[in-house]
2 protein chains.
Amino acid sequence: MIRLVCKVWLDRGGKAFGDGPYDLLKGIEQTGSLHQAAANMGMSYSKAWRLIQTIEKRLGFTLIERKIGGPSGGGSQITPKAKTFMRRYEKFRAEVNELAERTYQKHFGSVRLNH
Amino acid sequence: MIRLVCKVWLDRGGKAFGDGPYDLLKGIEQTGSLHQAAANMGMSYSKAWRLIQTIEKRLGFTLIERKIGGPSGGGSQITPKAKTFMRRYEKFRAEVNELAERTYQKHFGSVRLNH
């Protein structure tokens with residue numbers, strides 16, 4: 001069975017946003033911690049931190065901020081602007097994937113591929 | 001300026017077709033030679049040959065055949081089935097790129113990104 005793969009990302013002098021940064025931000029959103037989000041992806045903390053720095057620079061806005069105090073003694077959280085951006089990216093990616101699959105069926109749906 | 005990148009490929013236990021194989025086949029179509037097409041892409045002949053073998057196996061049909069004789073003493077040509085497949089892929093890729101760009105504008109067109 002042949003399967004279509006479709007990858008999208010934003011570029012501004014290098015990768016500015018795509019599935020990797022999205023997954024990391026999603027992890028921070030869910031765990032409230034960059035440490036935890038990085039660990040869940042098998043990524044070192046320093047690599048995750050550098051990734052966030054790079055993406056912030058390329059996008060031109062702040063993605064995460066420190067949570068000060070509280071029972072857990074702080075952590076990281078997603079900025080409102082980053083949240084809005086993530087929701088846009090989710091819709092954009094889902095829609096592109098669906099359109100790509102439909103376009104694939106249109107052009108290749110009738111092709112008989114052996115085995 | 002942020003720019004959208006969209007890559008599509010077919011997968012069947014590994015990459016079965018995408019821009020790389022397409023470019024190589026296009027080169028063979030234009031030059032009538034796998035040697036020449038590989039050289040134009042800065043790819044070794046043996047690597048190009050292995051790529052064709054792998055793609056043929058995954059797609060399940062023959063992509064190139066030897067041209068026997070003639071003034072140039074042979075060379076390679078694209079099979080009719082590969083030609084049809086390439087034309088489908090060109091239309092498919094162009095359409096996906098256009099749809100992806102339109103979807104990007106729809107979701108991110110209003111976003112102000114600094115610098």
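Follow chain A along its sequence and you get the pattern β-β-α-α-α-β-β-α, which adds up to four helices and four strands. Keep in mind that this is a predicted model.

**Chain A on its own**

Chain A is not a neat ball. The radius of gyration comes out at 18 Å, well over the 13 Å that the globule rule gives for 115 residues, so chain A is more spread out than a compact globule. The box around its C-alpha atoms, taken along the principal axes, is roughly 60 × 30 × 25 Å. As for burial, 25% of the 115 residues in chain A count as buried; the cut-off here is 20 or more other C-beta atoms within 10 Å of a residue's own. Now look at the contacts in chain A with a separation of 6 or more: residues 24 or more positions apart account for 46% of them.

Here are the chain A values side by side:

| Property of chain A | Value |
|---|---|
| Radius of gyration | 18 Å |
| Radius from the globule rule for 115 residues | 13 Å |
| Box along the principal axes | roughly 60 × 30 × 25 Å |

**How the two copies are related**

In general, two copies of a chain are related by a rotation about an axis and a shift along it. In this model, a turn of 180 degrees and a shift of 0.0 Å along the axis lay chain B on chain A with an RMSD of 0.0 Å. That is the relation of a two-fold axis. Which C-alpha of chain B sits nearest the axis? It belongs to B:K7, and the distance is 2.6 Å.

**Where they meet**

The contact draws 30 residues from chain A and 29 residues from chain B. On the chain B side, β1 (3-11) and α4 (80-108) each supply at least two residues, and α4(B) gives the most, with eleven residues. Sort that side of chain B by class and you find 17 nonpolar, five polar and seven charged residues.

The β1 strands also pair across the interface. Strand β1 of chain A, residues 3-11, runs antiparallel to β1(B), and nine bridges join the two. One of the pairings puts A:D11 opposite B:R3, its bridge partner in β1(B).

What about the surfaces themselves: do the copies meet through the same surface or different ones? They use the same surface, because 100% of the interface residues of chain B are also interface residues in chain A.

Notes. Residues numbered from 1 in each chain as written. Chains lettered and ligands numbered in written order. Predicted model: local features only at pLDDT ≥ 70, side-chain atom pairs only at ≥ 80, totals over all residues. Contact = placed C-beta atoms within 7 Å. Nonpolar A, V, L, I, M, F, W, Y, C, P; charged D, E, K, R; others polar. Pairing = 2+ DSSP bridges. Rg over C-alpha atoms; globule rule 2.2 N^0.38 Å. Buried ≥ 20, exposed ≤ 12 C-beta atoms within 10 Å, placed from the backbone. Least-squares fit on C-alpha atoms with pLDDT ≥ 70 in both.
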